[in-house]
Amino acid sequence: NETLNGGYSWIWKDLEGNRIDLTQKVGGPAEDVAYLLHFVSNDANYESFDVKVTITVGKIMIAPTLAQSIFTYTGETFTVTVLGVDSDIEYTVAYLTDFTNKGDHVVEIIMSAEDYETHSWIGSTSATITLPVVINASVNTVESIEIAGWTFGEASSTPVVVTKFGGEVAYTYYNVNTPNVVEEGLPSNAGTYVLIATSSATANYASASKKSEKFTIKQATHEVDFETEYSVVWFKDITLADVAINSNECAWNDATQAIEVGTKVFKATYTPDDANYHSIEIEISVTVERATAVISGVAESYAHTYN
């Protein structure tokens, strides 16, 4: 009991006047229970009196939360973990929407009827409380990209691309020498290129792009389609420059080289005008024939008289 001004103290009694234990349960949840506060003065000049007190017993309030309420799309269905609820409280979790796709979602936490008699959710007037959950869009990243080179004129390589969520992939190419010029479709000319793979997008994920390592379409070897055997007649100071090759795409390696009577093989370089073919060194056979001597100042016939 407590001492009041004027020498008063009080004790708790039930309505029948019996003193009660201050630690006893005063009633069930939401029950109105009446008691008496009996005031007694230690001063004979003051009378004792009772005050009726009504006590309303409330429920235990619980504030549930979610261990995680914001997710990023993965293609899988999410579940939530409820925190802030004692293990002896029974409840169920209801997913009101598809917890797979991007969007704003709601989860319901439903307390058992038995526990709802003594407990309640903060923020709810029923055994059910709803909590928001958000699933954000992800990015369909290009996880790997591979393409092998090939030689001009041969079968091209097929890109191998792996994206996080699959779907269609768009391809663009550019030559490393002209990075601002996008190739239309798979390149076919000799050169060094880079492939850019771009993944598809949906409501659940955005697209993404990734560059490949450089790959090369190699120059091919062009067939020699011109004459490679020549004959000339010797003359003084003759060189290979005097032997015309029947192709403006081929030239002697050393056109100043002197040549002599007979047949001999010489080196020349064939450079096709088509950039898809590389230069090659070839051998050309040159036969130098003997020249016919010209004799001047000699009569064709003579007349002679014998004496």
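How much of the accessible surface of the protein chain belongs to carbon and sulfur atoms? Of about 20,000 Å² of accessible surface, the share is 48%. Keep in mind as you look around that this is a predicted model.

**Figure 1. The whole chain, end to end.** Let's start with the full view before moving in. The protein chain is built with 1 helix and 25 strands. Its radius of gyration is 52 Å, well over the 19 Å that the globule rule gives for 307 residues, so the chain is more spread out than a compact globule. You can see this in the C-alpha trace, which spans about 205 × 40 × 25 Å along its principal axes. Among the 307 residues, 32% count as buried. If you look at contacts with a separation of 6 or more, 49% of them are accounted for by residues 24 or more positions apart. The chain also carries 15 positive and 41 negative side chains, and the centres of these two sets are 5 Å apart.

**Figure 2. The largest nonpolar core, with Trp121.** Here we step inside the protein. The largest nonpolar core has 20 residues, and those touching the most other members are Leu66, Val80, Val107, Trp121 and Val133. Two elements give two or more residues to this core: β9 (103–111) and β11 (128–136). The most comes from β11, with 4 residues. Which residues does Trp121 touch, not counting residues up to four places away in sequence? Its partners are Met61, Ile62, Pro64, Val85, Ile109, Met111, Ser126, Ala127, Thr128 and Ile129. A second core of 18 residues is separate from this one, and Tyr230, Val243, Tyr270 and Ile280 are included in it.

**Figure 3. Thr100, a buried residue in a loop.** Find the loop between β8 (91–95) and β9, and you will find Thr100. Is Thr100 buried or exposed? With a relative accessible area of 12%, Thr100 is buried, because buried means under 20%. Leaving out residues up to four places away in sequence, Thr100 touches Tyr73, Gly75, Glu76, Thr77 and Ile135. Take Gly75 as one of these partners: Thr100 and Gly75 are 25 residues apart along the chain, and their C-alpha atoms are separated by 6.2 Å.

**Figure 4. Ser41, a buried residue in a strand.** This view is centred on strand β2 (residues 32–41), where Ser41 has its place. Ser41 has 13% relative accessibility and therefore counts as buried. How far apart in space are Ser41 and Thr198? Going from C-alpha to C-alpha, the distance is 90 Å, while in sequence the two are 157 residues apart.

**Figure 5. Ala137, a partly exposed residue between two strands.** Follow the chain from β11 to β12 (138–139), and Ala137 is in the loop between them. Its relative accessibility is 36%, so Ala137 counts as partly exposed. Which neighbours does Ala137 touch, not counting residues up to four places away in sequence? They are Thr72, Lys102, Ala203, Asn204 and Tyr205. For a longer view, look from Ala137 to Ile55: the two are 82 residues apart in sequence and 53 Å apart in space, C-alpha to C-alpha.

**Figure 6. Glu281, an exposed residue in a strand.** Our next stop is strand β25 (residues 280–289), which holds Glu281. The relative accessibility of Glu281 is 52%, so this residue counts as exposed, since exposed means over 50%. Glu281 touches Asn253, Lys267, Ala268 and Thr269, again not counting residues up to four places away in sequence. Between the C-alpha atoms of Glu281 and Ala268 there are 5.7 Å, and along the chain these residues are 13 residues apart.

**Figure 7. Asp237, a residue with a positive phi.** We finish with a backbone angle. Most residues other than glycine have a negative phi. Asp237 is not a glycine, although its phi is positive, at about 65°. Where is Asp237 placed? Look in the loop between β22 (229–233) and β23 (250–252). At 65% relative accessibility, Asp237 counts as exposed.

Technical notes: Residues numbered from 1 in each chain as written. Predicted model: local features only at pLDDT ≥ 70, side-chain atom pairs only at ≥ 80, totals over all residues. Heavy atoms only, no water. Rg over C-alpha atoms; globule rule 2.2 N^0.38 Å. Buried < 20%, exposed > 50% of the residue type's maximum accessible area, 1.4 Å probe, protein only. Contact = heavy atoms within 4.5 Å. Areas by Shrake-Rupley, 256 points an atom, 1.4 Å probe, with all protein chains shown as cover. Lys, Arg positive; Asp, Glu negative; His and termini not counted. Charge placed at Lys NZ, Arg CZ, Asp CG, Glu CD. Core = buried A, V, L, I, M, F, W, Y, C linked by side-chain atoms within 4.5 Å.
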